[in-house]
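Please take a moment to look over the sequence and the structure below. We will walk through a few of its features together, one step at a time.

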Amino acid sequence: MKDNINKFFKTIINNKIFLISFIFIILSYIAKIILISFTTLIDDEAHYALWTKHLPFGFFDHGPGIAFFMKLSMIIFGNTGFGVRFGSILFSILVSIFIYIFLKKEKDENTAIIFVILFNTIPFFAGLSLIVTIDTPMFYFLIFSIMAYYKAIYSNKKYFYLAGFLFGFSLLSKEGAIFVGASICFFTLISNKRKEIFLSKEFYLSFIIAALVYMPFIIYNFQTDFTFIKYALDRQLQKPGSINRTLDFWGAQIGLYSPLFFILFCYLIIKIFIDFLKKKEIENNFYFAFISLLPFIYILQKSFKNKLEANWALFMYGGGLFLVSYYISKNWNKKYIRNLFLANVLFCNIAIFIVILQYFMPIIPINGDPTDRYYKYNAIRYDLKDYYNSNMDKNIRMFGLNYQIPSMIDFYIDTEKEAVCLNWNTYHPTVFDFWYKDNDFIGNDFYHITTSSDTNLISQYFDNVEYITNFQSYRKKLNGEIKYLDNYYIFLCKNYHGKGTDYIYKSKKIQF
C-alpha cells in the first residue's frame, strides 16, 4: 500500500500537467469546505434536508435516496448546513479513490489519474459535491455500479451482488439511472460472455437486489395511486420542446461538461460502437460506450419533444467518463492532446474558482447572479429566527405559498409546529400536500411568510389578515454598496377557511 501511494505521488510530481491539475483539485476542495461551512443552504438543499424528518418510502416527485443520503451525512456531521453538505464532499473523494484503484488495475495509471482529474474539474461533476441535490447520490452510486457490473462481467460474478445494491440506490435517488441499468441488460445480450452470465445465479440476483433496494418507492407508488407517474407525465406534457429550447439544452451541456469532454464523449460513443461492429474494438471498451450511447439517444430524441433541464442528462455521461479518460491516456504522447487537456483543466478550474470567488467577493456585476442564492434566505436564517424566538406565538404555524420558504424555516428555525406550504392551486404540488390534509387546518390561525406585500389572495382564505413586520435579505457589493435581494413580510392570518377540496390538482387526478 505504501509503495503504491509513493508511486502515485511520484507520477503526479513528475508530470507537470497532472501536478497543476491536482493543485487545483486540492485548492477547490479547501474552498468548497470553507464555502459549505459558512453559507446558507440554498432552497433545494433545505427542502431535501426537510425530507430527512419525514422518511417514508418515497415522495411524490422522487425516490427517498437523497433523504437517506443526507440523513447519514447529518447523523455523522451534525444537523447543520455543514452536516447536510459534507457527506457529498466525502463521497466525492471516495469515488475518486475507488475509480483510481479500479482503472489502474483494468487499464493503466495514466487513465486512472486522468479520470480523477476530469471528475473533479469538469464543472457539473465538481458541483455535485458543492450543492447537494438528487443528482449527487444518483451519479455517485451510478459510477460505482458501472464499475461493479464491469468487474462482475469480466472478473468475478460475486460483484453482481454489490452491483445490484449500488444500482438500486442510484435508481432510488433518481429514476434516470434506469436507462443505464437497461443498457447494461442489453449489453449482456451481445456480450461474448453472455452464456456464462445467463447461467450464473448472481446475474439474476443482482437485479433482485436492485429491486429490493428500490422496493420502498414501488410500495409508495402503490399506496399513493402511482402519484409519481402521474406527476411526471403531467410535467412532461406541460413543457413541449422547441428549436430554441433544444439548442439551449445542448449549449448548456457543452458549458457544464466542458467543450473538450463533451466533444470527445459524443465522438467516442459513436466511434467505438461502429468499430465494435466492424470488430476493430474490444468488448471491454464497448461496454462503456454502449451504456452511454443508449441513454444519449434517448436524451437526444427527448430534447426535440420536450423542454429538458440541463441536469437531466447527467446519467448518460457515466460510461463516457471512462471512455474519454482512456482515450486521452492512450493519446498522451501527442502534444496537441496534452495541450487540449491542460487548456480544458484550466478553463474548468477558472470557471469553478470564479463561481466560488463570486460568493466571497462579487467581482462580476451581473443580473441574476447565481451566488445570490446563498444570501437570498439570510433574513429567514437570522432575522426571522430571532423575531420568532422573541415575539411570535409558538402555537401558531407559519406557512408559505411555495415549498422554498417553509423548507428554509423548518431547517433554520426550531419551530414547535412545522412550517408548511398551503396549496391553493396557485403552485405545483409539493410534499406538504401529502404530509398534511388541508381540511385539518380549517379554523387555525397562521403566520404567512412571503416576499409579496399583496394580501388580495390570502384574504380570500382567512377572516382577517394583519401585517406584522418585514425583514430584508441583502449582500454587500465589492464597492461596499448594499444589494437587496428579497423582502420577507410577516402577516398574521386569522381563521383559515380551507381551500374547499382535498385534491392536489384541479383536475382531481390525485386524491389524498
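Across the whole of this predicted model, a search turns up 15 salt bridges. What is going on in such pairs? Side chains of opposite charge can pair when their charged atoms come close. Let us visit a few of them.

Start with Arg-475, whose salt-bridge partner is Asp-369; their closest N and O atoms are 3.5 Å apart. Find Arg-475 in strand S4, and then look for Asp-369 in the loop between helix H18 (335–360) and helix H19 (378–391). These parts are 106 residues apart in sequence, so the pair ties them together. Are these two residues buried or exposed? Both Arg-475 and Asp-369 are buried.

Now move to Asp-372, which meets Lys-483 in a salt bridge with an N to O distance of 2.8 Å. Here too, distant parts of the chain are linked: Asp-372 sits in the loop between H18 and H19, while Lys-483 belongs to strand S5, 111 residues apart. Asp-372 has a relative accessible area of 11%, and because buried means under 20%, Asp-372 counts as buried. Lys-483, at 22%, is partly exposed. You can also see these two pairs as part of one picture, since a network of salt bridges links Asp-369, Asp-372, Arg-475 and Lys-483.

A further salt bridge joins the side chains of Lys-376 and Asp-486, with 4.0 Å from N to O. Lys-376 is in the loop between H18 and H19 and Asp-486 is in strand S5, so this pair links parts of the chain that are 110 residues apart. Lys-376 is partly exposed, with a relative accessibility of 30%.

Strands S4 and S5 have come up already, so where do they fit? Strands of a sheet pair through backbone hydrogen bonds, either parallel or antiparallel. In this model, five strands make an open sheet with mixed pairing, and their order is S2-S1-S3-S5-S4. Why is one side of S2 and of S4 left without a neighbour in the sheet? Strand S2 (420–421) and strand S4 (462–476) stand at the edges, so each has a single partner strand.

For S2, look at strand S1 (residues 397–400): S1 and S2 pair in the parallel sense over two bridges. Gly-400 has Cys-421 in S2 as its bridge partner.

Finally, find helix H20 (residues 404–412), which lies across S1, S2, strand S3 (446–450) and strand S5 (482–496). Helix H20 runs at about 110 degrees to S3.

Methods: Residues numbered from 1 in each chain as written. Predicted model: local features only at pLDDT ≥ 70, side-chain atom pairs only at ≥ 80, totals over all residues. Heavy atoms only, no water. Pairing = 2+ DSSP bridges. Helix = DSSP H or I, 4+ residues; strand = E, 2+ residues; numbered from the N terminus. Contact = heavy atoms within 4.5 Å. Axes fitted to C-alpha atoms, helices over the stretch in contact; angles between N-to-C directions. Buried < 20%, exposed > 50% of the residue type's maximum accessible area, 1.4 Å probe, protein only.
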